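Here is an informal walk through one structure, written for someone meeting it for the first time. Keep the picture open beside the text as you read.

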Amino acid sequence: EQNTKILKTLLKKLAKLSDYFDISNKEKEVIDLENKTLIEGFWNNQLEAKQIMLKISELNHEIEDVKK
């Protein structure tokens, strides 16, 4: 039972580490999306603008969670 707990803990850490290595891609995606918000007329399409802003927020939360 103790080994099972240790294994579960290690698996959680491994999953978090795996996410960490993808952080650089997520950070690049945030920069790309933020650059889209600077394009003239970006806010003209409210639905698309909201979706992009939501994606930026989600990615930033994921980045923060992994960096904790």
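Let's begin with Ala-15, which is found in helix 1. Keep in mind that this is a predicted model, so the values here are computed from it. Ala-15 has a relative accessible area of 42% and is therefore partly exposed, because that value falls between the 20% and 50% cut-offs. To get a feel for distances, look from Ala-15 to Glu-27: the two sit 12 residues apart along the chain, and their C-alpha atoms are separated by 18 Å.

Staying with helix 1, which covers residues 2–21, you'll find Phe-21 there too. Is Phe-21 buried or exposed? Phe-21 counts as exposed, because its relative accessibility is 58% and the cut-off for that word is over 50%. Phe-21 also joins Leu-7, Leu-11, Leu-14 and Leu-17 in making a nonpolar surface patch of about 530 Å².

**The core**

Now for the inside. Which residues make up the largest nonpolar core? There are 10 of them: Ile-23, Val-30, Leu-33, Phe-42, Ala-49, Ile-52, Ile-56, Leu-59, Ile-63 and Val-66. Two elements give two or more residues to this core, namely helix 2 (23–37) and helix 3 (46–67). Helix 3 provides the largest share, with six residues.

Ile-56 is a good core residue to zoom in on. Its place is in helix 3, and it is buried, because its relative accessible area is 7%, with the cut-off at under 20%. Which residues does Ile-56 touch, once its neighbours within four places in sequence are left aside? The contacts are Val-30, Leu-33, Glu-34 and Thr-37. Val-30 and Leu-33 are also on the list of core residues. As for Glu-34, it lies 22 residues from Ile-56 in sequence, yet the C-alpha atoms of the two are 7.4 Å apart in space.

**A charged pair**

Side chains of opposite charge can pair when their charged atoms come close. How many salt bridges does a search of the whole structure find? The search finds one. The partners are Lys-26 and Glu-62, and their closest N and O atoms are 2.7 Å apart. This pair links distant parts of the chain, with Lys-26 in helix 2 and Glu-62 in helix 3, 36 residues apart.

Lys-26 has some other company as well. Not counting residues up to four places away in sequence, Lys-26 touches Leu-59, Glu-62 and Ile-63. Two of those contacts, Leu-59 and Ile-63, are listed in the nonpolar core too. Lys-26 counts as buried, because its relative accessibility is 13%. Glu-62, its salt-bridge partner, has a relative accessible area of 33% and so is partly exposed.

**An aromatic pair**

The count of aromatic pairs comes to one. Why is this pair called edge-to-face? The rings of Phe-42 and Trp-43 have their planes at 85 degrees, with centres 4.7 Å apart, and planes over 60 degrees apart count as edge-to-face. Phe-42, a member of the core, counts as buried because its relative accessibility is 11%. Trp-43 is partly exposed, since its relative accessible area is 45%.

**Side by side**

Here are the accessibility values for some residues met above.

| Residue | Relative accessible area | Class |
|---|---|---|
| Ile-56 | 7% | buried |
| Phe-42 | 11% | buried |
| Lys-26 | 13% | buried |
| Glu-62 | 33% | partly exposed |
| Ala-15 | 42% | partly exposed |
| Trp-43 | 45% | partly exposed |
| Phe-21 | 58% | exposed |

Notes:
Residues are numbered from 1 along each chain as its sequence is written. This is a predicted model: local features need pLDDT of at least 70, side-chain atom pairs count only at pLDDT 80 or more; totals for chains, interfaces and linings use all residues. Side-chain values use heavy atoms; hydrogens and water are left out. A nonpolar core is a set of buried Ala, Val, Leu, Ile, Met, Phe, Trp, Tyr and Cys residues joined through side-chain atoms within 4.5 Å. Buried means under 20% relative accessible area, exposed over 50%, partly exposed in between (1.4 Å probe, protein chains only). Helices (H or I, at least four residues) and strands (E, at least two) are DSSP runs, numbered from the N terminus. Patches are made of residues with over 30% relative accessible area and no salt bridge: like charges are joined within 9 Å, nonpolar side chains (Val, Leu, Ile, Met, Phe, Trp, Tyr) within 5 Å. Accessible areas come from the Shrake-Rupley method with a 1.4 Å probe; for residues, only the protein chains shown count as cover. A salt bridge is a side-chain nitrogen of Lys or Arg within 4 Å of a carboxyl oxygen of Asp or Glu. Rings of Phe, Tyr and Trp (its six-membered ring) pair if their centres lie within 6.5 Å; planes under 30 degrees apart count as stacked, over 60 as edge-to-face and the rest as tilted. Contact means heavy atoms within 4.5 Å.
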